[in-house]
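Open the model in your viewer and keep the selection panel at hand. The tour below goes from one selection to the next and says what is there.

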Amino acid sequence: MAIVACTWHPLTAIENAARDGVTYRPDVAVVPTKCTGVVTVAFLLKLFAKGLEGVLVLGCADGDCHYYNGGERCKAIVEEAREILEISGIPKQRLGFQQVANSTSEEFDKALKSYLKQVKHLNIGRNRVASGSRR
Amino acid sequence: MLREAVDKTKAYYCLDCGICTGSCPVSRYDPRYSPRLTVERALILGEKDVVCDPEIWSCLTCGTCNQRCPSTVDYTAFLRAARAEARQLGETGLCTHAEKIEAYLELQMLPTYRRPASWLGRGPKTRKRSDTYYFPGCLAFLGVIFREIGFEGNAIGRAAVELLNHLGIVPAIGDTEVCCGHDAYWTGEVDRVRDLAKRNVAAIKRTGAKRVVFSCPECYYMFRQVYPDLVGNLGFEPVFILNLLAERLADAKAGGLGLKTLEAKVTYQDPCRLAKYDRVIAEPRALLGAIPGLELVEMKRTARDALCCGSSSWVSCSRVNKRIQVERLTEALATGAGTLVTACPKCNIHLRCAMRDQDVGGSLEITDLVVLLARSMAAESAGG
């Protein structure tokens, strides 16, 4: 699975998690983005088309965007991508969106755990969804 | 090779008269694009000159040039070959709508691809196996990405199935059918179209259908005119829903369609695939005429001379395309109609978009003919 993380709070939180020795599943690729407000629907869909089973988008909290309203914008983008996944036979829970309030490792841990709980029944990583390129 | 396309489309018959360029809606606003010059350059300067020209992606493939060419050159087929050639060299048009359409196509190629039947809602009756198959195309997807401009894809699909139910037909609906490949075909991706065609034909054959009903002119065009060349005999008959309805309307014994009063003044936009490629011109007009209380006022240019909705195949949406759309909407407004009826989801989307963000000096409701017919059938007979 992949985590698409904004380079402000979320990516710093992931880096802090690494520094603090927080462990998480090994099959996660972190994709940094300048702001989750500029992630496109097509980009998220193409991650699934390449064969990924889960994608978690990590944005900053509402009103906490370094630019203007990245987190709020991302909600609409993720919502549209989810609807398209749904009509393509991919459960929409596979695409998660969480907002982190600050750059602490606990915030990242909380966000990832909450996403993994939401997709627990989908067995991410245990079944091969597609023959597309995999990490 | 483009040489082959020149032979096949009889491009060498070109008399250099320029009727194509004079008729071309794109050339009117974009003087850099000229069908006549494109053909001439291919004949004189060789294929490389044409294939690498970014202007070949400006063509709407509306077919007005084909209609009017005195030498019957099939210009759009020639252009399609040039695009296929350009693809081989790595050239493409500009992908519109932030590549969402491309991404959806990639999702459809996954082995897990399934479209849940829930998109159609509860009302319309469908079956797993039936003599008739309803092919909705990408209505569900378009409904999602164009919701912001008020386009309801699912409503068109629902109306189409309701109309079929009304005729006593309970169609089969599949969950593994994919895109018809119309846009890939016109942008030169021949291999991809063959792949899509095989998957669609296999999905339809599984339901045991003898005929396939379409509500999108582009899907109908692909199944009727392109698929037989790609995958051989289909084993079923492609039927456009308006033809089926018009047939029933003309059949007095069957009791017509039971259309009820709908007070409105409407005008009709002929979709290019329907009017220029498949010659479905009289049927939509007969159906509109059959709705009591409805007045049809024609635009200045109609049927085979109708102006295209201004964009196609999801390539190139520029200032030029917007100006074509504004020109068409102005023409529609001049009729005094309050509703613009069309039979193609793409016309619906493109004209809606222009209606929303361009200044056209008025407002029109834009709707699909099947939606209008379903509304008329469901209307209360007392007063409408």
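The stops begin with chain A, go on to the contact between the chains, and end in chain B. Keep in mind throughout that this is a predicted model.

**Stop 1: the sheet of chain A**

Select strands β1 to β4 of chain A. They form an open sheet of four strands in the order β2-β1-β3-β4, with parallel pairing. Which strands are at the edges of this sheet? They are β2 (29-33) and β4 (95-100) of chain A, each of which pairs on one side only. Going from neighbour to neighbour, the strands are turned by 20 degrees against each other on average, direction ignored.

Now keep just two of the strands. Strand β1 of chain A covers residues 2-6, and five bridges pair it in the parallel sense with β2(A). To find one facing pair, select Val4(A) and look across to Val31(A) in β2(A), which stands opposite. While you have a strand on screen, look at where its side chains point. In a regular strand the side chains alternate between the two faces of the sheet.

**Stop 2: two helices on that sheet**

Add helix α1 of chain A, residues 9-19. This helix lies across β1, β2, β3 (55-60) and β4 of chain A, and it runs at about 120 degrees to β1(A). Then add helix α4 of chain A, residues 105-118. Helix α4(A) lies across β3 and β4 of chain A, at about 155 degrees to β4(A).

Hide the strands and compare the two helices with each other. Two packed helices are described by the angle between their axes and the distance between the axes. For α1(A) and α4(A), the axes come within 7 Å and cross at roughly 105 degrees. That angle makes α1(A) roughly perpendicular to α4(A).

Which residues meet here? On the α1(A) side, select Ala13(A), Ile14(A), Asn16(A) and Ala17(A); on the α4(A) side, select Ser105(A), Glu107(A), Phe108(A) and Asp109(A). Coloured by class, the residues of this contact divide into four nonpolar, two polar and two charged.

**Stop 3: where the chains touch**

Show both chains. The contact between them takes 16 residues from chain A and 21 residues from chain B. On the chain A side, α2 (41-49) and α3 (70-86) each supply at least two residues. Which element gives the largest share of that side? Select α2(A): six residues of the side come from this helix. By class, the side of chain A that touches chain B has ten nonpolar, three polar and three charged residues.

**Stop 4: the domains of chain B**

Hide chain A and colour chain B in three parts: domain 1 (2-88), domain 2 (97-246) and domain 3 (256-378). The centres of domain 1 and domain 2 of chain B, taken over C-alpha atoms, are separated by 30 Å. Where these two domains of chain B touch, domain 1 gives six residues and domain 2 gives five residues. The domain 1 side of this contact in chain B has two nonpolar, one polar and three charged residues.

**Stop 5: the second sheet**

Select β4, β5, β6 and β7 of chain B. They form an open sheet of four strands, with the order β5-β4-β6-β7 and parallel pairing. At the edges are β5 (294-296) and β7 of chain B, each pairing on one side only. From one strand to the next, the twist averages 35 degrees.

Begin with β4(B), residues 264-269, which runs parallel to β5(B) and is joined to it by three bridges. Here Lys265(B) stands opposite Glu295(B) in β5(B).

Move on to β6(B), residues 339-342, and β7(B), residues 365-368: four bridges join these parallel strands. Between β6(B) and β7(B) the chain passes through helix α18(B), residues 345-357, and this β-α-β crossover is right-handed.

**Stop 6: the helices by the second sheet**

Stay with α18(B). This helix lies across β4, β6 and β7 of chain B, running at about 170 degrees to β7(B). Add helix α17(B), residues 319-334: α17(B) and α18(B) pack at an angle of about 90 degrees, with their axes 9 Å apart. The two helices, α17(B) and α18(B), are therefore roughly perpendicular to each other.

To see the contact, select residues including Val326(B) and Leu329(B) of α17(B), and Leu351(B) and Met355(B) of α18(B). By class, this contact of α17(B) with α18(B) has five nonpolar, two polar and two charged residues.

Terms used:
Residues are numbered from 1 along each chain as its sequence is written. Chains are lettered from A and ligands numbered from 1 in the order in which they are written. This is a predicted model: local features need pLDDT of at least 70, side-chain atom pairs count only at pLDDT 80 or more; totals for chains, interfaces and linings use all residues. Two strands pair if DSSP finds at least two bridges between them. A crossover is right-handed if, with the strands pointing away from the viewer, the path from the first strand over the helix to the second runs clockwise. Domain bounds come from an automatic or database domain assignment. Two residues are in contact if their C-beta atoms, placed from the backbone, lie within 7 Å. Ala, Val, Leu, Ile, Met, Phe, Trp, Tyr, Cys and Pro count as nonpolar, Asp, Glu, Lys and Arg as charged, and the others, Gly among them, as polar. Axes are lines fitted to C-alpha atoms, for helices over the stretch in contact, and angles run from 0 to 180 degrees between N-to-C directions. Angles under 35 degrees count as roughly parallel, over 145 as roughly antiparallel, 65 to 115 as roughly perpendicular and the rest as oblique.
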